[in-house]
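Got the viewer open? Let's take a short walk through the chain, starting wide and then zooming in on one helix.

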Amino acid sequence: MMFDEFEKIGIIPVVVLDKPEDAKPLAKVLCEGGLPCAEVTFRTAAAEESIKIMAKEFPNMLVGAGTVLTPEQVDRAVTAGAKFIVSPGLNPKVVKHCLDKNIPVTPGTQTPSEMEQALELGLKVVKFFPAEPAGGLNMIKAVAAPYVDLKFIPTGGISAKNVRDYLGFKKILACGGSWMVKKDLVNEGKWDELLKLVKEAAEIVKEVRG
């Protein structure tokens with residue numbers, strides 16, 4: 001089950017790639033560093049090709065597409081090799097399209113109404129976005145209580161400084177973050193620096209979750 005894998009990995013790197021040639025070395029860094037997962041944001045021209053490269057070169061890696069806004073983008077991402085779909089908000093069309101195709105999907109939610117919509121659609125895991133601006137862990141704790149079956153993947157404003165707190169709360173399945181895949185370091189090809197950041201993030205997961 002995909003969501004069990006997310007829980008094991010603990011931190012889902014949110015990746016923005018401008019050049020497809022960066023996909024393979026970055027995937028290598030993520031796998032070697034202990035976070036064999038990437039949510040490739042679908043808002044750059046390089047996203048589709050990057051997903052294709054990562055999925056082909058690292059078949060055991062969990063490669064998905066983020067910032068997916070339409071059913072058509074779902075199809076393009078899945079054709080490229082995406083194993084899961086993430087969207088910033090809850091679009092019932094996108095969610096239903098994914099469920100019809102048996103593709104794991106985590107839509108963004110922020111309010112109880114959106115969380116109830118997600119439950120109504122049959123989801124057990126939602127993204128909480130943007131996490132920090134929307135009240136962070138305190139907000140999740142406050143809204144999680146009535147929804148006993150719902151788990152959260154907070155994304156947005158998560159960093160090495162606050163991720164421990166999030167991971168320590170039982171309703172958090174995993175956290176999404178980009179601090180270990182900084183865009184400037186990727187663009188400059190600083191793979192050693194990125195490997196160090198990825199390893200540090202993976203260590204935090206081990207420290208909190210054992």
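Start with the surface switched on. This is a predicted model, and the accessible surface of the chain comes to about 9500 Å², with 52% of that belonging to carbon and sulfur atoms.

Now drop the surface and show C-alpha atoms alone. Along the principal axes they fill a box of roughly 45 × 40 × 30 Å. The radius of gyration is 16 Å, which agrees with the value near 17 Å that a compact globule of 210 residues would have.

Switch to cartoon: you should find 10 helices and eight strands. Colour by burial next, and 52% of the 210 residues come up as buried. If you draw contacts with a separation of 6 or more, 61% of them are between residues 24 or more positions apart.

Select the charged side chains. There are 27 positive and 27 negative ones, and the centres of the two sets lie 2 Å apart.

Time to zoom in: select residues 92-100, which is helix H5. Which residues of H5 are buried? Val 94, Val 95, His 97 and Cys 98. Look down the axis of H5 and these buried residues fall within an arc of 165 degrees, so they line one face of the helix. As a reminder, an α-helix has 3.6 residues a turn, so residues three or four places apart point the same way.

Flip to the face of H5 turned away from the buried side, and pick out Lys 93 and Asp 100, both exposed.

Last stop: what covers the buried residues of H5? Add helix H4 (71-80), strand E4 (85-87) and strand E5 (105-109) to your selection, as the cover includes these three.

Definitions and conventions: Residues are numbered from 1 along each chain as its sequence is written. This is a predicted model: local features need pLDDT of at least 70, side-chain atom pairs count only at pLDDT 80 or more; totals for chains, interfaces and linings use all residues. Side-chain values use heavy atoms; hydrogens and water are left out. Helices (H or I, at least four residues) and strands (E, at least two) are DSSP runs, numbered from the N terminus. The radius of gyration is taken over C-alpha atoms; the globule rule is 2.2 Å times the number of residues to the power 0.38. Buried means under 20% relative accessible area, exposed over 50%, partly exposed in between (1.4 Å probe, protein chains only). Contact means heavy atoms within 4.5 Å. Accessible areas come from the Shrake-Rupley method with a 1.4 Å probe; for residues, only the protein chains shown count as cover. Lys and Arg count as positive and Asp and Glu as negative; His and the chain ends are not counted. The place of a charge is taken as NZ of Lys, CZ of Arg, CG of Asp or CD of Glu. The arc is that of the directions from the helix axis to the C-beta atoms.
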